[in-house]
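Grab your viewer and work through a few exercises on the entry below. Try each task yourself before reading the solution.

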Amino acid sequence: MNMDKLYCIGYIDDELIEKADKYISKKKKCTFKKLTALAASFITIFLIFAALISFKNKNTITAYAYVTNEKITSTAAVIKTGTISDSGEMKGHQLIFYILGENIEKIRFSCKNQQLDFKDWTEKRNEYANAQNFEISYGNNKKEYKYLTISWIPNKTISELSDNENAKIKNLAKELKEDIIVMEVTFKNGNTATKAISISLSDNGKFLASFSDYKIKKTDKFVRRSNDKPLNSTYIDKNENTNKISSIKNERKSVYKLSKKQIKKAEIAAIRYYSKTIFTVNYIKFDKKGSAKLHGKKYQFIVNVSKEGIIQNPDRMIILKKNRKGIWKVTNEGY
Amino acid sequence: MEDEKIVQLYFNRDENAIKYTADKYSSKLCNISYKIIRDTCTVQECENDTYMETWKRIPPSNPKDYFFAFLARIIRTISIDRYRKETSLKRNCNIVELSKELDNCIPAIDSVESEIEAKLLGEMVSRFLYTLSDEKQIMFVRRYFYMESIAEIAKHLSITESKVKTSLFRVRGKLKIYLEKEEFL
């Protein structure tokens, strides 16, 4: 008898579990209490409705840490998901967060010193890796917002600590210990808001983050940088020479038949492969440029892994090929 | 005591946290475990293991918004693991029935140690459930997470058993189509 399927159901969202539990409790109340509760509900709904009408122009967003679902507040709090040592070794995950709010049309992210990865788990939007400036359309379905994750990657800090034997966190330059992610939010009703997540690295290797309102200053040149290109973009710069344009077209030609669903299937095959090794996959992304250089139906993915809880650098590479039966097989793996 | 305050006690490493957790949620958690284990002594052991695991996980976890879901997930996992390991426990007809129902719509995972795949599948099922009405979501979660019987679900929702059966049958069919579309099957 297969318990694995019931085991997998254990990974559904907390919100669904709580909702199902609380719904039952309400049904058990007696009629008199129900009527009282009902009356109270109507009054509450009326008051909320009145408040909503009077405050309808206010739009707010909140930021949450992805793994722990902990709200990032205006008070600087330790990010419990990861730490870094003087040798540049990361334990756990750097900050990964998502934004929740009402009627968000789009958010433009700008990272001052380090880099950002953006992943859309619903696979409807362009994704970004090692980017500093990009814009994301959020759309009408606010249930999707939780699945739009932004990872902050302190690559420069990690490199400085790991490349330099004598480097210590306490002696690092300010731009390697502090960073800011500015979010320019546009709501459906045309209102805008600017928020920022401030990150700092304390001497003991822990990261602190806080989320607050932000006012863009004239000296914030990083916000005015142009947007980075997404990972799966079909963008072609018309100002580039014809050789470069034709090489981009060839790159698109070699991978154009690989749909998002096929990429997802290949990713699952890669994750299954790593589940039998000593590595734990943190994230995996399709390497379009790398794949274009391969012959035949081989495709390359970049994988970030951890070994015994320690994030491994640099990222690993895995190549998969689809056989005639449509099954993805690993043909090569390594650095 | 509010969940937020109980979680804060865990953060402060105050052992009263476990006492307050047990006072508030013991019966609900034992209920979940009993549906899997069907043995009172083992259920009590699972309950104690749950409090121990909760103590270990908070911090770094901070489930102040979904504390009961956090506990329910832990005791459910512990109970399923105990059920697997202890062949002396009575074979649970309800579990057999639930597994058979899910056979057609959820794929087998190659290895239980492939936690990433199980999490991916759990996320996909969540996304699917959000496309359904509240009543259907609750039916599915009560049936396959809380492992309630059809009769219990019908009583709690004040609807007929045949409506529960029909709705679940249709939801499983839609889930199968959804997972096929997402190429997870």
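The exercises below deal with a predicted model.

**Exercise 1. Decide whether L258(A) is buried or exposed, and list what it touches.**

Solution. Start by locating the residue: L258(A) is in the loop between α6 (242-255) and α7 (260-275) of chain A. Next, take the relative accessibility, which is 11% for L258(A). The cut-off for buried is under 20%, so L258(A) counts as buried. Now look for its partners, skipping residues up to four places away in sequence: L258(A) touches I263(A), F286(A), Y299(A) and W328(A). One of these, Y299(A), sits 41 residues away along the chain, with 9.2 Å between the two C-alpha atoms.

**Exercise 2. Check whether the end-to-end distance of α7(A) agrees or disagrees with its expected span.**

Solution. Count residues first: α7(A) has 16. The rule is 1.5 Å times one less than the number of residues, so the helix should span 22 Å. Then compare with the model, where the end C-alpha atoms are 22 Å apart, which agrees. While you're there, colour the helix by burial: among its buried residues are Q262(A), I263(A), K264(A), E267(A) and Y274(A).

**Exercise 3. Describe the interface of chain A and chain B: how much area is buried, and which residues supply the chain A side?**

Solution. Go for the area first, because the size of an interface is often given as the accessible area lost when the parts come together. Here chain A and chain B bury about 5400 Å² between them, with 63% of that on carbon and sulfur atoms. In residues, the contact takes 43 from chain A and 61 from chain B. For the specific pairs, there are three salt bridges between the chains, including K28(B) with D21(A) at 2.9 Å, N to O. The polar contact count across the interface is 15 residue pairs. Turning to the chain A side, α1 (4-9), α2 (14-27) and α7 each supply at least two residues. The largest share, twelve residues, comes from α2(A). By type, that side splits into 19 nonpolar, seven polar and 17 charged residues.

**Exercise 4. Find where the backbone of chain B has cis peptide bonds, and what phi R13(B) has.**

Solution. Scan omega first. The bond from I58(B) to P59(B) is cis, with omega near -15°, and the bond joining P59(B) and P60(B) is cis with omega about 10°. P59(B) lies in the loop between α3 (40-57) and α4 (67-85) of chain B. Then scan phi: R13(B), not a glycine, has a positive phi of about 55°. Its relative accessibility of 38% makes R13(B) partly exposed.

Conventions
Residues numbered from 1 in each chain as written. Chains lettered and ligands numbered in written order. Predicted model: local features only at pLDDT ≥ 70, side-chain atom pairs only at ≥ 80, totals over all residues. Heavy atoms only, no water. Helix = DSSP H or I, 4+ residues; strand = E, 2+ residues; numbered from the N terminus. Buried < 20%, exposed > 50% of the residue type's maximum accessible area, 1.4 Å probe, protein only. Contact = heavy atoms within 4.5 Å. Buried area = accessible area lost by both parts, 1.4 Å probe. Salt bridge = Lys/Arg side-chain N within 4 Å of Asp/Glu carboxyl O. Polar contact = N/O pair within 3.5 Å; in protein donor to acceptor, adjacent residues only side chain to side chain. Nonpolar A, V, L, I, M, F, W, Y, C, P; charged D, E, K, R; others polar.
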